[in-house]
Amino acid sequence: MLSDAVYPGKHPPGFINKKEAKPVEHIQRLIESFQSQAKEISTSAHHPLNLSEANNALCFLLHRGHVDLFNPKRNLVLNTEHAPFVFGFSRLCSSSPAIALMPSSDAAFSVLPLANACDIVAKKQLWQSLSYLLMYLSSRVYDHSTRLSQMNSYETVRNILLELCEESEELRAETSVLHYIQSRSYLSRSGIMRILSELRAGNYITLQNGTLVDVQTLPKKF
């Protein structure tokens, strides 16, 4: 039974509105500063990019498209980031290559050694912009942790649906709701389908060919 519906704009605790929180101007400033030492690279959709090469940490600049941050060991998508974005600085706190970048088909990248990027930050005094980027990344990690620690399956589905609402129209149009939720949680396919069927039957969501078309309201409890 579904009850206590709330509008999707009223996000649950721990949910990060990416459009409001993302420090785009600071990210653009970092990209512009790094670009002179970065090289363009070609990528293929869904072929992972590692944040290091021959034990050398790398800094990736995303100019177009989007990227799924993927944990291969856990077979889990942590979140999705859209251009513009800078990847690699999280490795300053850990040498473990736990995260890979899964680019979209239209993604455009350039790359430089992370050490060079750090030197540029120091020389050009880009500490404020870097701090905003790292704060945003921290909030996204907290969002992910909150999602996985929900009390029940419905709360997890609800939070991920709200996250999907924040994605671009293009991504929503090409992404199966089932896959989006399943890749970001440990829920079973049958459990997710059951909850989606209930939401659809109650006219809370509209699906077309498995993609999310509209969200009217989302129940607070299931």
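## Close-up views of a predicted model

**Figure 1. The hairpin formed by strands β11 and β12.** Strand β12, which spans residues 211-215, runs antiparallel to β11 and is joined to β11 by four bridges. In this predicted model, the two strands form a hairpin with two residues between them, and N209, which sits in the turn, has a positive phi of about 55°. Q208 of β11 stands opposite T211 in β12. Along β11, which covers residues 205-208, the side chains alternate, with I205 and L207 pointing to one face, where they are buried, and T206 and Q208 pointing to the other, where they are not buried. Such alternation between the two faces of the sheet is what a regular strand shows in general.

**Figure 2. The largest nonpolar core and the surroundings of V86.** The largest nonpolar core of the model has 33 residues, and F34, V86, F87 and F89 are those with the most contacts inside it. Two or more residues of this core come from each of the elements α2 (24-34), β5 (56-64), β6 (66-71), β8 (85-87), β10 (108-113), α3 (114-123) and α4 (127-148). Strand β5 gives the most to this core, with five residues. When residues up to four places away in sequence are not counted, V86 touches I27, L30, I31, F34, C59, F60, L61 and L133. Apart from this core lies another, of 22 residues, which has Y154, L161, L196 and V215 among them. In soluble globular proteins, nonpolar side chains tend to be buried together.

**Figure 3. The salt bridge between R184 and D68.** The structure holds two salt bridges, and in the one shown here the side chains of R184 and D68 meet at 3.4 Å, N to O. R184 lies in the loop between α7 (177-182) and α8 (189-201), whereas D68 lies in strand β6, so the pair ties together parts that are 116 residues apart in sequence. Because its relative accessibility is 2%, R184 counts as buried.

**Figure 4. The salt bridge between E81 and R140.** The side chains of E81 and R140 meet in a salt bridge at 2.9 Å, N to O. This pair links distant parts of the chain, since E81 belongs to strand β7 (residues 76-82) and R140 to helix α4, 59 residues apart. With a relative accessible area of 2%, E81 is buried, and R140 is also buried, with a relative accessible area of 1%. Side chains of opposite charge can pair when their charged atoms come close.

**Figure 5. The cysteines C59 and C118.** The count of disulfides in the model comes to zero. C59 is in no disulfide, and the nearest cysteine sulfur, which is that of C118, is 8.0 Å away; because a disulfide requires two cysteine sulfur atoms within 2.5 Å, this separation does not qualify. C59 counts as buried because its relative accessibility is 0%, whereas C118, at 23% relative accessibility, counts as partly exposed.

**Figure 6. The surroundings of T43.** T43 has its place in the loop between β2 (39-41) and β3 (49-50), and at 24% relative accessibility T43 counts as partly exposed. With residues up to four places away in sequence not counted, T43 touches L49, P103, A107 and F109. The C-alpha atoms of T43 and S104 are separated by 8.8 Å, although these two residues are 61 residues apart along the chain.

Terms used: Residues are numbered from 1 along each chain as its sequence is written. This is a predicted model: local features need pLDDT of at least 70, side-chain atom pairs count only at pLDDT 80 or more; totals for chains, interfaces and linings use all residues. Side-chain values use heavy atoms; hydrogens and water are left out. Buried means under 20% relative accessible area, exposed over 50%, partly exposed in between (1.4 Å probe, protein chains only). Two strands pair if DSSP finds at least two bridges between them. A nonpolar core is a set of buried Ala, Val, Leu, Ile, Met, Phe, Trp, Tyr and Cys residues joined through side-chain atoms within 4.5 Å. Contact means heavy atoms within 4.5 Å. A salt bridge is a side-chain nitrogen of Lys or Arg within 4 Å of a carboxyl oxygen of Asp or Glu.
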